[in-house]
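Welcome! Work through the exercises below at your own pace, and try each task before you read its solution.

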Amino acid sequence: MGLKVAIVGCGKIADAHVEEARKIPGVEVVAVCDQEPIMAEQLAVRYAIPRWYTDCAEMLSASSPNVLHITTPPQSHLALTRQAVSAGCHIFMEKPVALVHADVEALIAAVVEAKKKLAVNYWPNFEVQALELHRLYDSGVLGEAVHIESYTGYDLAGEFGLALRRDPDHWVHRLPGKLFQNMMDHVLNKIVPFLDDDDPYIHAIAYKRDGGTGDAETSEILDELRVIIKGRQTSAYATFCANARPVGQTLRVYGTKNTAHLDFNARTLVLERKQSFPSALGRLRPPFQVAGDYLRQGMRNVGRFRRHEFHFFDGMRTLLTEFYKCIENDTDPPIAYREILRVSALMEQIFAQVYPEVRP
Amino acid sequence: MKILVTGAGGFLGVNVVERLLAHGHSNIRCFLRDKSKAARVEGLAAANPGCKLEICCGNLKSKADCARAVADAEIVIHLAAGLKGAPAELFVDSVVTARNLLEALGARTEPPIVETRVVLVSSFGVYGVVGLGRGARVDESTPLEQFPERRDPYSHSKLRQEQLVREYQQKLGFELVVLRPGVIYGPGGGAFSNRVGIQVGPVFVHMGGGNLLPLSYVANCAEAIVVAATHPEAAGQVYNVHDDEMPTASGYLQAYKKHVKKLRSVRLPYFATRFLAGRLEGYHRRSQGQLPAIITRYKAAAAWGGNTFSNAKLRGLGWRPLVSTQDGMMRTFEYLRSQPESK
């Protein structure tokens, strides 16, 4: 693989993009760009990247990257994508893709029209256990999906949370779906592959539970969101929760044959199986089965750690590897555009319910 | 004379405002980001009814807020900076904000920029101490760090901030005074500097050993800032800030254990720290960052290499500590003892 990568947007998440892209053999990060020169410079200096720019067009022209990673706030994604595909770049993009669904459609259309490829950083879905869950589902072990529960926790006192709490002008506050819009991709993109309906029933409620920052402008951020989704044969609960501890990230798929529980933080995937033993014996067995599953998962994780395959952003490296391969081989991108569009459409409906006064 | 203090609601900022009042300055603009931190400044305003103590809330990321902050100020004491968080966040909070503040100063017409003094509170972290050798003295003539990217992100961002302020001083022509405090401590601050050691799970790993700890009690540091900010001879100068008496890192740790709470600690001699740092660095490289390189040999040499320090230049300006190290430590320990986490 011989790919030149450039990054536009030198905030916190750009560090992960540089680190994970560089781990892939043959990939070189050739330049970074940010409107703020100090930010472009600091990223280039810290990672010894040869060039930094404050103008994306200049970077694309001077460094001729094959792939542009867009890690700016979503307000700029559509314009940057159009600019980059015109310059011959494929696009790897941070979520959320754009402010509104229409922009996501326009963005994908621009990529397709330019015959380029796009992937969005849905990295948890490319963790080893998440890929294994999809293999189980595809092979019929779970049966048909009856119900999905996707849960994502958030820490408003954490590194990312504090940044937006302290700054009333933070770009997250200007999103139509505010804090939720920055996080719901990761909740919904785990549901969408199992959902059998492009236009499901949606009921969303949001509320504030946090004590606030003392700052009137940021202390009113809604920080809890619950969504009920009902497709033709499959239903789902999507939960965003900023107050429960530990800050979890889980996915439970209830199938007609078995149920799978994936814990993204613990990196475990366990099956809850239909019992064949009768009566009390059938109730005695499950804890031992689940304990065995956890033990095996733990041992596999130890093996991955020993092989240096247990990084925080391992899923991102896998996704990037798949994306770069699809560019080289001119095959389908690792995330179907239809899935990206369905996530975006669901988000727009949810935000219309929880922030009805906001008109993007 | 109007004096602006950025970061006025913070640990050091409140003390600086207090010392300015004590020195008879009565026209002070306190700029702070977080309204919830205004209580102590409001208390100072209530206690000094004859003084004009203006509380100005805003964010130095905003150019409009910066313009409001610097309006009419003849002395700008710039304390606001990022202390923790991701590297990008530190650069925004320390370097971008400093640039915005200086741009606002440059755009202002009155008072003239050449009659304005900027007082930057920098850090000991900007010195390039790695090659100096054990026991070498760090003073204002010590060269600056040549490889900031090999240091911790805080030191890197503070060095870039200082460089940027110097670039703007050349461009705009204001008077610049730079203070580089050592370890600022006191009630309201933290318990340990990395120079003493770091908490790893339930154990405190003590790497500082017999190294001198360049402590600066928060009121003494604030006094130094005010003295330098207002002294005519300080223009264009740099001052290291630490107290006269400096305990060793192990002395500080023992006193903490005696006066605050018991603490499980393991002493790691410097050679062992360097050895482990080398192993961790190697593992970090081989594993492509599976465990973070929190400690590298370079960082270990910077933090625990063992230097001596001098505050002679600051004393020459007339600064004297208000609180002895013994008293400062006792006050700090009393505060730490009262915190819920110490019980």
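Helices (H or I, at least four residues) and strands (E, at least two) are DSSP runs, numbered from the N terminus. This is a predicted model, in which local features need pLDDT of at least 70 and side-chain atom pairs count only at pLDDT 80 or more, while totals for chains, interfaces and linings use all residues. Residues are numbered from 1 along each chain as its sequence is written, and chains are lettered from A and ligands numbered from 1 in the order in which they are written.

**Exercise 1. Describe chain B as a whole.**

Step 1: Begin with the elements. Chain B has 11 helices and 14 strands.

Step 2: Look at the overall extent. Along the principal axes, the C-alpha atoms of chain B fill a box of roughly 55 × 40 × 40 Å.

Step 3: Compare with a globule. The radius of gyration is taken over C-alpha atoms, and the globule rule is 2.2 Å times the number of residues to the power 0.38. For 343 residues a compact globule would have a value near 20 Å, and chain B agrees, with 20 Å.

Step 4: Turn to burial. A residue is buried if 20 or more other C-beta atoms, placed from the backbone, lie within 10 Å of its own, exposed if 12 or fewer, and partly exposed in between. Of the 343 residues in chain B, 48% are buried.

Step 5: Check the contacts. Two residues are in contact if their C-beta atoms, placed from the backbone, lie within 7 Å. In chain B, 79% of the contacts between residues at least 6 apart in sequence join residues at least 24 apart.

**Exercise 2. Find which elements of chain A touch chain B.**

Step 1: Count the residues. Contacts link 23 residues of chain A with 23 residues of chain B.

Step 2: Name the elements. On the side of chain A, α1 (14-22), α2 and α7 (159-165) each give two or more residues. The most come from α2(A), which gives 5 residues.

Step 3: Sort by class. Ala, Val, Leu, Ile, Met, Phe, Trp, Tyr, Cys and Pro count as nonpolar, Asp, Glu, Lys and Arg as charged, and the others, Gly among them, as polar. This side of chain A has 6 nonpolar, 6 polar and 11 charged residues.

**Exercise 3. Work out how α2(A) and α4(B) pack.**

Step 1: Recall that two packed helices are described by the angle between their axes and the distance between the axes.

Step 2: Read the values. Helix α2 (residues 37-46) of chain A meets helix α4 (residues 87-107) of chain B at an angle of about 135°, and their axes are 10 Å apart. Axes are lines fitted to C-alpha atoms, for helices over the stretch in contact, and angles run from 0 to 180 degrees between N-to-C directions.

Step 3: Name the arrangement. Angles under 35 degrees count as roughly parallel, over 145 as roughly antiparallel, 65 to 115 as roughly perpendicular and the rest as oblique. Therefore α2(A) is oblique to α4(B).

Step 4: List the residues. From α2(A) come A:Ile38, A:Met39, A:Gln42 and A:Arg46, and they meet B:Pro87, B:Ala88, B:Phe91, B:Val95, B:Val96 and B:Arg99 of α4(B). This contact has 7 nonpolar, 1 polar and 2 charged residues.

**Exercise 4. Locate a positive phi in chain A, and say whether the residue is buried or exposed.**

Step 1: A:Asp330, a residue other than glycine, has a positive phi near 50°.

Step 2: A:Asp330 sits in the loop between α10 (314-329) and α11 (337-354) of chain A.

Step 3: A:Asp330 is exposed, because 8 other C-beta atoms lie within 10 Å.
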